[in-house]
Structures are given as C-alpha cells and as structure tokens.
Amino acid sequence: MIASLNRLICGLLFMIAGTLHFTSPHSYVKIMPAYLPWPLALVYCSGAAEMGLGALLWFPRTARLAGWGLIALLVAVFPANLNMALHPGISPSIAPALLWIRLPVQALLIKWVHGFTQNRIGDLPSPAE
C-alpha cells in the first residue's frame, strides 16, 4: 500500500511538472543550453515524456519501465538545470543558492525513481492482471 502511494505521488509530481512545459514553455526554453538545437521542441518532448512516464508509474506492470525512463529523462535535462545555475540571470526571480541546490536534488529524484525499477513483492501484478 505504501509503495503504491509512493508511486502515485511521484507519478503525479512528474505529470504536473510535464504539464508546466506546455503551460509555460518559455520558462523552459530560456534555460536550455545554447548548444542544444530546437529548444521549444525539446521542451515539449521532455514535457510529454514527464507526463507519460509519470502516468506509467501508476501501474505495477509499467512502473519499472517508467522508472528507467524517468531516470534517463532526469539525466537528459540535467544540462538545462546546470545552465540555469551557471547563469542565474536567466531566472532572476530564483535565488542563485536554490539553483545550485536543485542539482543535488536531481540526484535525490533519481534515487527515488530508481526504487521503482526494482521488483517488489507487493508491487508485482498478480497473474490474473
């Protein structure tokens, strides 16, 4: 039960974060490193991935795949978060210290999501599912 609630909360957080990529794409485009092509397309793709993988996390049959996908996504968006920390003027409303704190928080998110990649007895679907 706790594991299921944990998956639901995590999935919901990623779904909300993904939705923000569509409701406020400019906020994400401006933190993209200049060397990445098609920043708006990447923002939409990463938002769709967050929403889809967050939803897949809700189901025991797809949680493991979703966990690995979210880990890959968190690694993929790290350059944007690092760019934001290195150039605090991009987001002047956020304290520079918070931009740097965000980087290790990403590692904590990876650790949290990694837990969903492990098969656990209570999370395994029954043969009837």
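Which residues does Asn83 touch, not counting residues up to four places away in sequence? I would like to start there, and then to widen the view, keeping in mind throughout that what we have on the screen is a predicted model.

The neighbours of Asn83, once residues up to four places away in sequence are left aside, are Ile31, Met32, Pro33 and Ile90. Asn83 itself belongs to helix H4, which covers residues 60-86, and with a relative accessible area of 12% it counts as buried, because buried means under 20%. Its side chain also comes to 2.9 Å from the backbone oxygen of Ile31, so that Ile31 appears both in this polar pair and among the residues that Asn83 touches.

Let me now step back to the whole protein. There are five helices and zero strands, and reading along the sequence gives the pattern α-α-α-α-α. The protein has 129 residues, of which 30% count as buried. If we take the contacts with a separation of 6 or more, 67% of them are between residues 24 or more positions apart. As for the outside, the protein exposes about 7700 Å², and 76% of that area is supplied by carbon and sulfur atoms.

Staying with the surface, there is a nonpolar patch that I would ask you to find in the model. It is formed by Leu5, Leu8, Ile9, Leu12, Leu13, Ile16, Leu20, Trp58 and Phe59, which together have about 800 Å² of accessible area. One of these residues, Leu8, is found in helix H1, residues 2-23, and Leu8 is partly exposed, with a relative accessible area of 37%.

Next, please turn to helix H3, which spans 39-56, and within it to Ser46. At 13% relative accessibility, Ser46 is buried, and a polar atom of its side chain lies 3.0 Å from the backbone oxygen of Val43. Leaving out residues up to four places away in sequence, Ser46 touches His21, Leu73 and Val77. We can also look at Ser46 together with Leu74: they are 28 residues apart along the chain, and their C-alpha atoms are separated by 9.6 Å.

Just ahead of that helix, in the loop between helix H2 (25-29) and helix H3, we find Trp38. Trp38 is exposed, with a relative accessible area of 66%, and its phi is near 50°, a positive value in a residue other than glycine. That deserves a remark, because most residues other than glycine have a negative phi.

What is the count of disulfides here? The count comes to zero. Two cysteines that we can look at in this connection are Cys10, which is buried at 0% relative accessibility, and Cys45, which is exposed, with a relative accessible area of 51%.

Finally, let us move to the segment after helix H5 (96-114), where Gly115 is found. Is Gly115 buried or exposed? Its relative accessibility is 14%, and since the limit for buried is under 20%, Gly115 counts as buried. Gly115 and Asn6 are 109 residues apart in sequence, while from C-alpha to C-alpha they are 10.0 Å apart in space.

To return to where we began, the residue I would keep in view is Asn83, buried in helix H4, with its side chain reaching the backbone oxygen of Ile31.

Key
Residues numbered from 1 in each chain as written. Predicted model: local features only at pLDDT ≥ 70, side-chain atom pairs only at ≥ 80, totals over all residues. Heavy atoms only, no water. Patch = residues over 30% accessible without salt bridge, like charges linked within 9 Å, V, L, I, M, F, W, Y side chains within 5 Å. Areas by Shrake-Rupley, 256 points an atom, 1.4 Å probe, with all protein chains shown as cover. Salt bridge = Lys/Arg side-chain N within 4 Å of Asp/Glu carboxyl O. Helix = DSSP H or I, 4+ residues; strand = E, 2+ residues; numbered from the N terminus. Buried < 20%, exposed > 50% of the residue type's maximum accessible area, 1.4 Å probe, protein only. Polar contact = N/O pair within 3.5 Å; in protein donor to acceptor, adjacent residues only side chain to side chain. Contact = heavy atoms within 4.5 Å. Disulfide = S-S within 2.5 Å.
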